Amino acid sequence: FPVQDGEGPIAGIVTDTDLMGLSRHTPFAIKSAIERAETADAVSEAGRGLPDVVVAMVSVNANPVDVGRVVAMTVDAMTQRLLQLGIDAQGPAPCGWAWLALGSAARHEQALKTDQDHALAIDPAPGEAAAVDPYFATLAEFVTAGLESAGIPRCNGDAMATMSALRKPIGDWVETFLGWIDDPDPVSSILASIGYDFRQVAGPLQAEPVLDDAIRQAWSHPSFLRSLGRRALDLRPPTGFFRNLVVAHGGEHAGRLDVKHGGISIVNNLARAYAVSAGLTAKGTVARLEG
C-alpha cells in the first residue's frame, strides 16, 4: 500500500512482508506460506495455522464477515496450490477445467469449523469425457486429501469433486441446473439450494458465466421458485410461544443455541431464494440481500 504524508506526496510503501513481520498469525502470513509451499504436506502444514489466524482476528474484534472471508481465502489458497502441485505431478490437464467451490465456501461465508464442498466442471472433446475422467479423479483426490490433512474434513454428504456425480462436463452441469428448474420436486429444490451457491476457484475453463446464464432462467419458472422458497423455510428459528429463544433440551449441546441452523442458515436460504427469483447471480448472502 502506498502511504501519503500530510501534504499528499507518497512517503513510502507498506508491503505484505512488513505486515507479516508484525505477527505470523495474520492472513498475509498464512497465504504467503501456502503459496510458497513446495509439497502437499507443506501446504497442509501452513493451512493448519488457520485457527490461530482466526483467533487473532476475533481477539481484535474483527468484523465476522471479514473473518469468514479470510477462512474462505485461506481454503482457496490451499486449493489453488494443491491443484498446481497435482498438475505438476500428473502433467498438463487433458482438457479445460474449472474447480468450483460450493455452499458457504462459494459465498465466502465459512466458519472455522467447516468442511469441504466442491465440484469440477470439465470441457472434453466430444465422446472423450470417460477417457479424461481418471486424470481429474486423481487430481480431485489429491486436493481433497491435502485439505483434509490441513484440518478441513471431507463433506459428510459427499458434496466433493471426488464423487463422479460432481465431476462432469460443463454442458452436463448446465443440463443439471436446467433440470432442477424444469422438475421442481423436493429433491431437485434441495439440490438446487446447494448447487446454486458456486464460485470458480481455479482453472482455465470459464464456467461461471455459463452456469450463471442457466440460473437466470429460473425466474420465469414460478413452480420452481415456490419449491425453492418452501425449502428455505424447512429450518425454523428457535423461538418459543413468547418469542423467547429456546435452547436445546438434550444431547451434547443441551442448554445451547444452534446459531447456524437456527439463524444464519435460514437467512442464507431466504436470500438465495429471493436472489434466484429476481434473476440475480450474486453468490454472497449480503450481496444477495442488497440485490
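Trainee: Which side chains meet in a salt bridge with E141, and what is the N to O distance?

Mentor: In this predicted model, the side chain of E141 meets that of R154 in a salt bridge, with 2.7 Å from N to O. The pair links distant parts of the chain, since E141 belongs to helix α7 (residues 129–149) whereas R154 sits in the loop between α7 and β5 (167–169), 13 residues apart.

Trainee: How is the accessibility of E141 to be read: buried, exposed or partly exposed?

Mentor: The general idea is that a residue under 20% relative accessible area is called buried and one over 50% exposed, with partly exposed in between. E141 has 34% relative accessibility and therefore counts as partly exposed, and R154, at 26%, is likewise placed in the partly exposed class.

Trainee: How many salt bridges does the structure hold, and which residues are linked in a network of them?

Mentor: The structure holds 13 salt bridges, and a network of such bridges links R107, E109, D197, R272 and R288. Within that network, the side chains of D197 and R272 meet at 2.7 Å, N to O. D197 lies in the loop between α9 (186–195) and β6 (198–202), while R272 lies in helix α12 (residues 259–277), so this pair ties together parts that are 75 residues apart in sequence.

Trainee: With which other residue of the network does D197 form a salt bridge, and are D197 and R288 buried or exposed?

Mentor: D197 also forms a salt bridge with R288, whose closest N and O atoms are 2.6 Å apart. Here the partners are D197, in the loop between α9 and β6, and R288, in helix α13 (residues 285–290), which are 91 residues apart. Both D197 and R288 are buried; for D197 the relative accessible area is 0%, and R272, at 5%, is buried as well.

Trainee: Turning to helices, what should the 27 residues of helix α5 span, and how far apart are its end C-alpha atoms?

Mentor: The general idea is to multiply 1.5 Å by one less than the number of residues in the helix. For helix α5 (residues 64–90), with its 27 residues, the expected span is therefore 39 Å, and the end C-alpha atoms are 39 Å apart, which agrees.

Trainee: Which residue caps the N-terminal end of α5, and which residue follows α5?

Mentor: The N-terminal cap is N63, which has a side-chain oxygen 2.8 Å from the backbone nitrogen of V65. After α5 comes G91, with a positive phi near 100°.

Definitions and conventions:
Residues numbered from 1 in each chain as written. Predicted model: local features only at pLDDT ≥ 70, side-chain atom pairs only at ≥ 80, totals over all residues. Heavy atoms only, no water. Helix = DSSP H or I, 4+ residues; strand = E, 2+ residues; numbered from the N terminus. Polar contact = N/O pair within 3.5 Å; in protein donor to acceptor, adjacent residues only side chain to side chain. Salt bridge = Lys/Arg side-chain N within 4 Å of Asp/Glu carboxyl O. Buried < 20%, exposed > 50% of the residue type's maximum accessible area, 1.4 Å probe, protein only.
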